[in-house]
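User: Please take a close look at one part of this model and then set it in its wider context. A formal, connected account would suit me best.

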There are 2 protein chains.
Amino acid sequence: MLSIGIDLGGTNIVAAVVNEEYKMLATAKTPTNTPRSAEEIFDDIAKVCNEAMEKAGVTIADISSVGMGTPGTVNDDGVIEFANNLGFNNVPAKDMIKERLGDIPVFIANDANCAALGEAYAGCGNGSKNFVAVTLGTGVGSGIIAEGKLVTGVNAAGGECGHMVIMVDGEECTCGRKGCWEAYASATALINQTKAAMAEYPDSVMHKIAAEEGKVSGRTAFDAMRKGDIAGINVVNNYIKYVACGLINLVNALQPEIICIGGGICNEGDTLMKPLGKFVQAERYSIHSKIQTKIMKAELGNDAGIIGAALLGSID
Amino acid sequence: MLSIGIDLGGTNIVAAVVNEEYKMLATAKTPTNTPRSAEEIFDDIAKVCNEAMEKAGVTIADISSVGMGTPGTVNDDGVIEFANNLGFNNVPAKDMIKERLGDIPVFIANDANCAALGEAYAGCGNGSKNFVAVTLGTGVGSGIIAEGKLVTGVNAAGGECGHMVIMVDGEECTCGRKGCWEAYASATALINQTKAAMAEYPDSVMHKIAAEEGKVSGRTAFDAMRKGDIAGINVVNNYIKYVACGLINLVNALQPEIICIGGGICNEGDTLMKPLGKFVQAERYSIHSKIQTKIMKAELGNDAGIIGAALLGSID
């Protein structure tokens, strides 16, 4: 059977018809255009679903379930309890989709959790039952699959590993805590760390690189490192240490088969992944275990969330 | 049906016959007497099992399964891969118990995970499917139950939340990392924090309390606080902040229904539990969720591990 996966984002709504081999047969997309009412947004969600079905040459009768990933927290009744960037407060997403598409099984989950499911089943996880997906982006997003189940906790708000403190009384985090992993390991944090090092080292090649690019980005320090710039090397080494710290925390708590890393920073490839792997190998608590967590690069990019959403109806 | 739970500890081996209502009908105990061979230790394990059955007036025919909690890491084949304080390296625990007790289902798990199961099903969890047990003792032990399953990970070494770093480059931990939660939140850490404050404040009443007790203990700073001693108050407040930091990390990652806290420090009761609850309430990421994690005191003490071990055969 086919299913529909929807990625409801702050910028775009994307829907896809997905087959049993986790392939997207057709997609459709429209801007989310926030702020506007939930009614209007869900009308557009139904519209992109219908467009995707039309492109795939199927009807709702061919669809076994609809799954949607959304920012924010979702409860077991399919209600989006709170999603800051959509302006949603207790929006009954599941019912609103059913009203528009008909009486079909509908599943709603957090977008980071959907992305984790997508990577675990259709991406680098290759069906792994113990899997954590971490996205190093504006923030640090994550989703946990343990013993074959998505760990959403008692209130469907689980998997916020970016908001685990790695430095008591450390950098302020957007969540109100101090010292969260996100405040050290996100792309935003890397840019802040790069800017701080540039202020301290006016002779660093990072100034030239940033001027050429027109901005300081997550690549600036990595590019400087490749030119042998000491300040750049230090920024990168410290950043990788912070990323590794959170990864090892997750290994020790959950012992996943795979931790998959996504987000733009991953384009650095082995420059990032190799030292991360070394840190994890050196500090994991399970040093005597035969089986060790693999640190892998995410494979599906933005498609992970859509494919994962489409999978919500077919996993336990 | 009845089952047998075994707690293989560094000091004692305890076995109990446990009924379907999670009650221990009879127990037997013998010293572990390390170091000695695994063969000898498993002979004694079989002996205490037989003693417990005899006391309960039952035979092995009345027993549906045998479960054992052990320190260290256990793989899916029931082999204890490594247990430092028992001197065990790749000991086939499951097979060795079967050889001695007959062809009965045998399950082996880490002792902290067994204790978590015991508290979740028979203790303060009251059957909770999303549950974390944390023990503040010599170290910080923990066990995770997510979506009804014990989270042991891909190598049965999961649940080591005490070895999640909360302070990058912080205090040295016994595991080789720096800044682990255990190095700040264990009873051992509290004693170190107390001693450091005593060295800094020679006029603190902690000196008198420790002299009367003959040692600095996990209670010293709490007792000083109750006498209005500023240095004692600061030690307690900082310690509670460290404990809370790790708890909030677990809430954000796993959103358990309950986190249960065990270990001697829990005897402080509300003095510990109330401020912990306040910290969690203030800093949890899921501030908009209707359902929130409860922080509770463990109920079963040392029995949690034995009852949890007995349960291994009856849970998924």
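User: In the hairpin of β6(A) and β7(A), which residue takes a positive phi?

Analyst: The residue is Gly87(A), whose phi is positive and near 70 degrees. The model is a predicted one, and the values below are computed from it.

The hairpin itself has four residues between its strands. Its two strands, β6(A) and β7(A), the latter covering residues 88–91, pair in the antiparallel sense over three bridges. Within this pairing, Ile80(A) stands opposite Val91(A) of β7(A).

The hairpin also leads to the contact between the chains. Across the interface of chain A and chain B, 34 residue pairs are in polar contact, with both residues at pLDDT 80 or more. On the chain A side, β6 (80–83) is among the elements that each supply at least two of the residues touching chain B, together with β10 (140–146), β11 (149–150) and α8 (230–254). The largest share of that side, eight residues, comes from α8(A). By type, the residues of chain A that touch chain B divide into 22 nonpolar, 16 polar and 10 charged.

The extent of this interface can be stated in two ways. As residues, the contact takes 48 from chain A and 48 from chain B. As area, about 4,400 Å² is buried between the two chains, and carbon and sulfur atoms give 58% of it. In chain A, the residues that lose the most area to chain B are Glu147(A), Val154(A) and Arg177(A), which together account for 15% of what that side buries.

Charged pairs also join the chains: the count between chain A and chain B is four salt bridges. One of these links Glu283(A) to Arg177(B), with the closest N and O atoms 2.9 Å apart.

Over all chains, the whole structure holds 26 salt bridges. Among them is a pair in chain A, Lys47(A) with Asp44(A), whose closest N and O atoms are 3.8 Å apart. These two residues are separated by about one helical turn, because they lie three residues apart in helix α1 (residues 38–56) of chain A. Their surroundings can be compared through their relative accessible area: Lys47(A) counts as partly exposed at 39%, while Asp44(A) is buried at 14%.

In chain B, Glu212(B) and Lys208(B) meet in a salt bridge of 3.4 Å, N to O. Here too the separation is about one helical turn, because the residues are four apart in helix α6 (residues 206–213) of chain B. Glu212(B) is exposed, at 61% relative accessible area, and Lys208(B) is exposed as well, at 52%. Another salt bridge in chain B connects Glu99(B) and Arg100(B), with the closest N and O atoms 3.6 Å apart. Of these partners, Glu99(B) is exposed at 61%, whereas Arg100(B) is partly exposed at 22%.

Salt bridges also form a network in chain A, where Glu213(A), Arg219(A), Asp223(A), Arg226(A) and Glu268(A) are linked.

Helix α10 of chain B, residues 303–311, completes the account. Eight of its nine residues are buried, so the helix is largely enclosed by the rest of the structure. The buried residues include Ile306(B), Ile307(B) and Leu311(B). As a group, the buried residues of α10(B) pack against four strands of chain B, β1 (2–8), β2 (12–18), β3 (24–31) and β4 (63–70), and against helix α3 (111–122).

Technical notes:
Residues numbered from 1 in each chain as written. Chains lettered and ligands numbered in written order. Predicted model: local features only at pLDDT ≥ 70, side-chain atom pairs only at ≥ 80, totals over all residues. Heavy atoms only, no water. Contact = heavy atoms within 4.5 Å. Buried area = accessible area lost by both parts, 1.4 Å probe. Salt bridge = Lys/Arg side-chain N within 4 Å of Asp/Glu carboxyl O. Polar contact = N/O pair within 3.5 Å; in protein donor to acceptor, adjacent residues only side chain to side chain. Nonpolar A, V, L, I, M, F, W, Y, C, P; charged D, E, K, R; others polar. Buried < 20%, exposed > 50% of the residue type's maximum accessible area, 1.4 Å probe, protein only. Pairing = 2+ DSSP bridges.
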